[in-house]
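Me: I have a model open and want to learn how to read it. Please take me through it feature by feature.

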Amino acid sequence: MGILSWIVMGLLAGALAQWIMPGKDPGGIIVTILIGIVGALIGGFLAGLLGIGEGRAVDFDLGSLILAVIGALILLWLYRKVAGRPA
């Protein structure tokens, strides 16, 4: 994927993750994009470990978006545990 696709995917995944798991989180749109991008990496890595997909978010499709949202949810949960905020 190109950089613009990663940014759009990150924004969508980060926004969906923050919508699914509401709460007070840091930052604005830039942090949301970064949460989504890192979430895509985490989700792709976990998919590779479980043997589903290619182990990475390759295309801008529904499967990649779902992986990114799952990864972003894990990232938000970990952040809240480390920061001491309720999950």
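Reply: We go from the overall fold to the core, then to one helix and the surface. Keep in mind that this is a predicted model.

Me: How many helices and strands are there in the chain?

Reply: Start with the secondary structure. The chain has 3 helices and 0 strands. Read from the N terminus, the order of elements is α-α-α.

Me: What share of the residues counts as buried?

Reply: Burial is a matter of relative accessible area, with under 20% as the cut-off. Here 31% of the 87 residues count as buried. The exposed surface of the chain comes to about 5200 Å². Carbon and sulfur atoms supply 74% of that area.

Me: Which residues make up the largest nonpolar core?

Reply: First the general idea. In soluble globular proteins, nonpolar side chains tend to be buried together. In this model, the largest nonpolar core has 12 residues: M9, A13, A17, M21, I35, A40, L65, A68, V69, A72, L73 and L76. At least two of them come from each of α1 (3–20), α2 (29–50) and α3 (62–83). The largest share, 6 residues, is supplied by α3.

Me: What is A68 in contact with, leaving aside its neighbours within four places in sequence?

Reply: Pick one core residue and list its partners. A68 touches M9, A13, G36, G39 and A40. For the whole chain, take the contacts with a separation of 6 or more. Residues 24 or more positions apart account for 69% of them.

Me: Why does the distance between the end C-alpha atoms of α3 agree with its 22 residues?

Reply: Compare an expected span with the model. At 1.5 Å a residue, α3 should span 32 Å. Its end C-alpha atoms lie 31 Å apart, so the two agree.

Me: Which residues of α3 are buried, and what covers them?

Reply: The buried ones are S64, L65, L67, A68, V69, G71, A72, L73, L76 and R80. Their cover includes α1 and α2. Look past the end of the helix too. G84 follows α3 and has a positive phi, near 80°.

Me: Which residues form a nonpolar patch on the surface?

Reply: Nonpolar side chains can also sit outside a core. I3, L4, I7, V8 and L12 form such a patch on the surface. Together they have about 470 Å² of accessible area.

Me: Is V8 partly exposed or buried?

Reply: Place the residue, then check its accessibility. V8 belongs to helix α1. Its relative accessible area is 36%, so V8 counts as partly exposed. Now look across the chain. V8 and I33 are 25 residues apart in sequence, yet their C-alpha atoms are separated by 7.7 Å.

Terms used. Residues numbered from 1 in each chain as written. Predicted model: local features only at pLDDT ≥ 70, side-chain atom pairs only at ≥ 80, totals over all residues. Heavy atoms only, no water. Core = buried A, V, L, I, M, F, W, Y, C linked by side-chain atoms within 4.5 Å. Buried < 20%, exposed > 50% of the residue type's maximum accessible area, 1.4 Å probe, protein only. Helix = DSSP H or I, 4+ residues; strand = E, 2+ residues; numbered from the N terminus. Contact = heavy atoms within 4.5 Å. Areas by Shrake-Rupley, 256 points an atom, 1.4 Å probe, with all protein chains shown as cover. Expected span 1.5 Å × (residues − 1). Patch = residues over 30% accessible without salt bridge, like charges linked within 9 Å, V, L, I, M, F, W, Y side chains within 5 Å. Salt bridge = Lys/Arg side-chain N within 4 Å of Asp/Glu carboxyl O.
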